[in-house]
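Biologist: Could you take one part of this model and go through it closely, setting it in the context of the whole chain? I would like a careful, connected account rather than a list.

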Amino acid sequence: MFTVGGTSVFIHKYLGPESTGSKYTTSAAYATSATQITLSSTVNIQVGQFVFGTGIAAGTKVGAIAANTITLTLPTTAGGASGSNIWFNSKNDSTQPNYT
């Protein structure tokens, strides 16, 4: 509990700008206009989740998952290096946490 202006305010641990969904790391570089990205793991990623990260076009979703490779619904707008962070969220808002 925090006191703000003399009023007690309860803040839930999942609210705030720091949590933007589930973060994964690429295990290979990807090029501009790529529709597939290889990750170190795809555990808990679901088809239909929104994707955020370097070179990921706004509104991109996971179209398919095969082993550690995801297929994007939109091509990338820029390339990304191996080791880049990619986030997955059930909402089309990179500032909102992913509630599961």
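**A buried threonine and the strands around it**

Modeller: At 0% relative accessibility, Thr60 counts as buried, and I will take this residue as the starting point, bearing in mind that the model is predicted. Thr60 lies in the loop that links strand 5 to strand 6, the latter covering residues 62-66. Because the cut-off for a buried residue is under 20% relative accessible area, the 0% computed for Thr60 places this loop residue in the buried class. The side chain of Thr60 comes to 2.6 Å from the backbone oxygen of Ala57. Leaving aside residues up to four places away in sequence, Thr60 is in contact with Gln49, Phe50 and Val51, and also with Leu72, Thr73 and Leu74.

One of those partners, Leu72, belongs to strand 7, which spans residues 69-72 and has side chains that alternate between two faces. In a regular strand, side chains alternate between the two faces of the sheet. In strand 7, Ile70 and Leu72 point to one face and are buried, whereas Thr69 and Thr71 point to the other face and are not buried.

Strand 7 also has pairing partners that can be followed residue by residue. With strand 6 it runs antiparallel, the two being joined by four bridges, and within this pairing Ala66 stands opposite Thr69. Strand 6 and strand 7 form a hairpin with two residues between them, and Ala67, in the turn, has a positive phi of about 55°. With strand 4 the arrangement is again antiparallel, here with three bridges, and Thr38 is the residue that stands opposite Thr69 in that pairing.

Beyond strand 7, the chain enters the loop that leads to strand 8 (85-89), and Ala78 is placed there. Ala78 is partly exposed, with a relative accessible area of 28%. The C-alpha atoms of Ala78 and Ile56 are 7.3 Å apart in space, while the two residues are 22 positions apart in sequence. Again not counting residues up to four places away in sequence, Ala78 touches Thr54 and Gly55, together with Tyr30, Ala31 and Thr32.

Two further loop residues deserve attention for their backbone geometry. Ser33, in the loop between strand 3 (22-25) and strand 4 (36-38), has a phi near 75°, a positive value in a residue other than glycine. Asn44, in the loop between strand 4 and strand 5 (50-53), likewise is not a glycine and has a positive phi of about 75°. As for their surroundings, Ser33 is exposed, with a relative accessible area of 52%, and Asn44 is exposed as well, at 65%.

Finally, the whole chain gives the setting for these details. The protein has eight strands and zero helices, so that, read from the N terminus, its elements run β-β-β-β-β-β-β-β. Of its 100 residues, 28% are buried, and Thr60 is one of the residues that count as buried. Among contacts with a separation of 6 or more, 59% are between residues 24 or more positions apart. The protein exposes about 5,900 Å², of which carbon and sulfur atoms supply 55%.

Conventions. Residues numbered from 1 in each chain as written. Predicted model: local features only at pLDDT ≥ 70, side-chain atom pairs only at ≥ 80, totals over all residues. Heavy atoms only, no water. Buried < 20%, exposed > 50% of the residue type's maximum accessible area, 1.4 Å probe, protein only. Polar contact = N/O pair within 3.5 Å; in protein donor to acceptor, adjacent residues only side chain to side chain. Contact = heavy atoms within 4.5 Å. Areas by Shrake-Rupley, 256 points an atom, 1.4 Å probe, with all protein chains shown as cover. Pairing = 2+ DSSP bridges.
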